[in-house]
Amino acid sequence: MRRGTNLPRMGDFNQTVVLDVIRRAGGGLARAEVARRTGLSAQTVTNVARRLLDLGLVVEEGEAARRGPGRPGTLLRLNAPSRFAVGVHLDPATMTFVLLDLSGAVVARAQSPTPVPEDPQAVVDGLVAEIEGLIAAAGVDRDRVLGVGIAAPGPIDVEAGVVLDPPHLPGWHDVPLRDAVAERTGLRAVLDKDVIAAACAHLWAPADAAGAGPAHPSDFVFCYLGTGVAVSIVLRDEVVRGISGNAGESGHLVADPDGAPCWCGRRGCLGAVLRAEALAQQGRAAGVDLPDWGDGTDPRAVDRAVAGLCAAADAGHAGAREVLALAGRRLGAAAGVLTDLLDVGSVLVGGPLWDRIAPYAEPALTETVAQHPVPGAHAVTVSSSGYGPQVGAVGAGCILLGRAFTPRPSDLLLVS
Ligand SMILES: [Zn+2]
């Protein structure tokens, strides 16, 4: 079905296009340069800039360098502290909170253990208290807070804002998390799956803060290691969400045909060999003395065991180091399948588990990917997300900022 547009929608779209160009420039742009980069007429840019100035989203600052005859023009720069967004990452073991300014920079952060992960009400109470505490501690005007982006383990119902039946959150069934947070805080809220949010951290924020190299790759595979393992795909600056917003399930990608059996009947599935509990099991089998994690249903106990494994690696335990290096090689094998399939040149890795094991796993991952023959004449680079364990929370905040300020051609279309 083909749908049309109207003038107000075109105006709003152009406004987000101009803001996007100014935001990405970082250092400020003259109106003439905005016109050149967007293809909009000088008059349109002038009109849009006036609206953005009125809204306080941009400020005028300094003069552009003179280029040829005529006045050089005043620079337009993003007014980063004009708006804020809260990003929340609900991980079964840890809750992470960030406050982002309009540029995507983290201006405040907090972290706390997930209270009684199996009790959704206790978790919502904890989330709301931490969100309020974060905003109050940062001292920002609440009217400038656009809302809360929440990243949660999947599967989720994106439309309804409901967490369905996440395997690592026993006791959670159809929890209306988005509306619960919105009602309790009075702020707009959005809910997304954690791995999708994590990738989005690298779509909005400045490249230097994201640690993704000198410029953002527009096409990349994002491997997320938390309590479980998941993979997001970003193509042309857009994250692939799938038809239900639940893309990213990579648990049964075979990473090692000789690996441990998976409940699906095959061996060496990514989820079976790389999830946190599997690493703890491998560590114990390698002779590392670890605190007991019971039947694996308490994510915090599993987390403590993984911390023990990493501490043993830090202390020089060869078996512990080999477990973590093997994890890197296995992740590399799976990543090679995806980079081949998609013909992309970047692999980004992040998440709370990755942050811990990266010192030992990243060299092995990089080596495995480098040895993988690449179809086409380009290299595949591997990097760790510069956001560390906060990547999901930052990404959730970025999604909220993006909803308000990212130009999407689909926004032009009239809904019948
Ligand atoms: Zn499997």
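Visitor: How are the donor residues of the zinc ion spaced in sequence?

Guide: Welcome! In this predicted model, the donor residues follow the pattern H-x9-C-x1-C-x4-C. The histidine is His-252, which coordinates the zinc ion through ND1. The cysteines are Cys-262, Cys-264 and Cys-269, each using SG, and the donors sit at 2.0 to 2.3 Å.

Visitor: Which geometry does the site of the zinc ion have?

Guide: Look at the angles among the 4 donor atoms: they run from 102 to 120°. Four donors count as tetrahedral if all angles lie between 85 and 135 degrees, so this site is tetrahedral.

Visitor: Is Cys-269 buried or exposed?

Guide: Cys-269 has a relative accessible area of 0%, so it is buried. Cys-264, with 31%, is partly exposed.

Visitor: Now the helices. How do I describe two that pack together?

Guide: Two packed helices are described by the angle between their axes and the distance between the axes. Here, take α11 (residues 318-342) and α12 (residues 352-371): their axes come within 7 Å and cross at roughly 55°. That angle makes α11 oblique to α12. The crossing is right-handed. Among the residues making the contact are Leu-324, Gly-328 and Leu-331 of α11, and Trp-354, Ala-361 and Leu-365 of α12.

Visitor: Which residues of helix α2 are buried?

Guide: A general idea helps: an α-helix has 3.6 residues a turn, so residues three or four places apart point the same way. In α2 (residues 31-38), the buried ones are Glu-33, Val-34, Ala-35 and Thr-38. They pack against α1 (7-25), β1 (29-30) and α3 (42-54).

Visitor: What follows α2?

Guide: Gly-39 does, and its phi is positive, near 80°.

Definitions and conventions:
Residues are numbered from 1 along each chain as its sequence is written. This is a predicted model: local features need pLDDT of at least 70, side-chain atom pairs count only at pLDDT 80 or more; totals for chains, interfaces and linings use all residues. Side-chain values use heavy atoms; hydrogens and water are left out. Donors are N, O and S atoms within 2.8 Å of the metal (3.2 Å for Na, K and Ca); water is not among the atoms, so sites may look incomplete. Four donors count as tetrahedral if all angles lie between 85 and 135 degrees; four count as square planar and six as octahedral if opposite donors are over 155 degrees apart and all others between 65 and 115; anything else is irregular. Buried means under 20% relative accessible area, exposed over 50%, partly exposed in between (1.4 Å probe, protein chains only). Axes are lines fitted to C-alpha atoms, for helices over the stretch in contact, and angles run from 0 to 180 degrees between N-to-C directions. Helices (H or I, at least four residues) and strands (E, at least two) are DSSP runs, numbered from the N terminus. Angles under 35 degrees count as roughly parallel, over 145 as roughly antiparallel, 65 to 115 as roughly perpendicular and the rest as oblique. A crossing is left-handed if the near helix is turned anticlockwise from the far one by less than a right angle, and right-handed if clockwise. Contact means heavy atoms within 4.5 Å.
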